[in-house]
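Please open the model in a viewer and keep the sequence panel at hand. The tour proceeds from the whole chain to single residues, with a selection suggested at each stop.

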Amino acid sequence: MILQKEFYTRQDVVQVAEDLIGKVLCTSIDGIFTCGMITESEAYAGIRDKASHSWNGRRTARTDIMYRIGGTAYVYLCYGIHSLFNVVTSVADDPQAVLIRSIQPLEGIDDMAYRAGKNMKGIREGRGPGNVSKLLGINVSHTGLSLTDAPDDPAKTRIWIEDRKLQINHKRLRTVPRIGVDYAGADAMLPYRFVLE
DNA sequence: CATAGGATCGCCT
DNA sequence: GGCGATCCTATGT
């Protein structure tokens with residue numbers, strides 16, 4: 001079952017981030033289908049969260065996507081190299097999002113290995129937000145895509161998330177501070193990161 | 001216009 | 001643990 005608007009438009013982004021663990025992130029790009037189970041996520045709590053791009057109401061051409069309705073893809077370039085994939089949550093004009101940090105590849109392993117090039121290390125684990133996009137073929141041109149509305153042409157690029165009722169061991173789900181947000185002061189300590197070990 | 005730095009990664013020591 | 005890759009964004013002159 002494909003996750004619909006009701007899942008994404010909830011206003012507690014931390015809860016959505018936790019609920020995304022164990023769900024399956026899927027892409028159909030250039031006719032190639034790949035997917036993986038989400039094993040790590042981070043919540044970015046909008047204008048009140050100093051670690052968020054939308055902190056204090058910041059709004060630019062890039063972050064404008066965060067102000068859209070939940071269920072929209074927000075992809076941006078980090079360090080000039082990596083495309084980082086986020087899921088916009090909550091209602092329009094409440095700019096919250098969840099960063100997908102890691103997946104466990106499920107289908108299309110060969111295509112993922114091809115996308116990763118000769119560097120096969122980490123393919124089985126799909127670790128790191130830059131690698132998630134790399135394996136699934138996601139890039140910054142996909143920012144703004146709807147995760148809930150199917151395109152007119154079935155052959156077109158599509159990104160979505162499925163609930164396959166995969167059973168996860170909640171005893172192995174850790175709630176810890178986020179990574180790489182030291183600049184956010186006290187907000188860097190918030191337990192907004194979820195890791196399935 | 002110039003410049004610094006970032007929600008990273010992989011390779012080096 | 002350190003560093004280079006590489007480019008968009010925000011800020012300052």
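Begin with a side-chain pair: select His 53 and Tyr 74, whose side chains are joined by a polar contact of 2.8 Å. The model is a predicted one, and every distance on this tour is to be read in that light.

**First stop: His 53 and its loop**

Keep His 53 selected and display the backbone around it: the residue lies in the loop between strand 2 and strand 3 (73-78). Is His 53 buried or exposed? Its relative accessibility is 17%, so His 53 counts as buried, the cut-off being under 20%. Now add its contacts beyond four places in sequence, which are Arg 58, Arg 62, Thr 63, Met 66, Tyr 74 and Tyr 76.

In the loop between strand 2 and strand 3, select Asn 56 next. Asn 56 is exposed, with 59% relative accessible area. Its backbone also deserves inspection, for phi is near 60 degrees, a positive value in a residue that is not glycine. Most residues other than glycine have a negative phi.

**Second stop: the whole chain**

Zoom out and colour chain A by secondary structure. Four helices and eight strands appear, and from the N terminus their order is α-α-β-β-β-β-β-α-α-β-β-β. The radius of gyration is 16 Å, close to the 16 Å that the globule rule gives for 197 residues, so chain A is as compact as a globular protein of that length. Along the principal axes, the C-alpha atoms fill a box of roughly 40 × 40 × 35 Å.

Switch to a surface representation. The accessible surface of chain A is about 9,800 Å², and carbon and sulfur atoms contribute 52% of it. Of the 197 residues, 51% count as buried. Among the contacts with a separation of 6 or more, 60% are between residues 24 or more positions apart.

For the charges, select the 25 positive and 23 negative ones: their mean positions lie 5 Å apart.

**Third stop: helix 4**

Select residues 129-136, which form helix 4. Six of the eight residues of this helix are buried, and helix 4 is thus described as mostly covered. Which residues of helix 4 are buried? They are Pro 129, Gly 130, Val 132, Ser 133, Leu 135 and Leu 136. To see what covers them, show strand 1 (24-29), strand 2 (32-44), strand 4 (82-89), strand 5 (96-107) and helix 3 (109-115), which are included in that cover.

Within helix 4, centre the view on Ser 133. With a relative accessibility of 2%, Ser 133 counts as buried. Beyond four places in sequence, Ser 133 touches Ser 83, Leu 84, Phe 85 and Ile 138. A distance label from Ser 133 to Leu 166 should read 22 Å between C-alpha atoms, the two being 33 residues apart along the chain.

Step just past the end of helix 4 to Gly 137, where phi is positive at about 80 degrees.

**Fourth stop: Ser 90**

Move to the loop between strand 4 and strand 5 and select Ser 90. Ser 90 is not a glycine, yet its phi is positive, at about 65 degrees. Its relative accessible area is 0%, so Ser 90 is buried.

**Fifth stop: Tyr 192**

Select Tyr 192, located in the loop between strand 7 (173-176) and strand 8 (193-196). Tyr 192 counts as buried, at 10% relative accessibility. Its side chain makes a polar contact of 3.3 Å with the side chain of Arg 48. Outside four places in sequence, the residues touched by Tyr 192 are Val 14, Ser 41, Glu 42, Ala 43, Ala 45, Arg 48, Asp 49, Val 176 and Arg 178. Label the C-alpha distance between Tyr 192 and Arg 178: the atoms are separated by 6.1 Å, with the two positions 14 residues apart along the chain.

**Last stop: Lys 5**

Finish in helix 1 (residues 5-8) by selecting Lys 5. Lys 5 is partly exposed, its relative accessible area being 22%. Leaving out neighbours within four places in sequence, its contacts are Ile 69, Gly 70, Ser 146, Thr 148 and Asp 149. Finally, a line drawn from Lys 5 to Leu 196 spans 25 Å, C-alpha to C-alpha, for a sequence separation of 191 residues.

Technical notes
Residues numbered from 1 in each chain as written. Chains lettered and ligands numbered in written order. Predicted model: local features only at pLDDT ≥ 70, side-chain atom pairs only at ≥ 80, totals over all residues. Heavy atoms only, no water. Buried < 20%, exposed > 50% of the residue type's maximum accessible area, 1.4 Å probe, protein only. Helix = DSSP H or I, 4+ residues; strand = E, 2+ residues; numbered from the N terminus. Contact = heavy atoms within 4.5 Å. Rg over C-alpha atoms; globule rule 2.2 N^0.38 Å. Areas by Shrake-Rupley, 256 points an atom, 1.4 Å probe, with all protein chains shown as cover. Lys, Arg positive; Asp, Glu negative; His and termini not counted. Charge placed at Lys NZ, Arg CZ, Asp CG, Glu CD. Polar contact = N/O pair within 3.5 Å; in protein donor to acceptor, adjacent residues only side chain to side chain.
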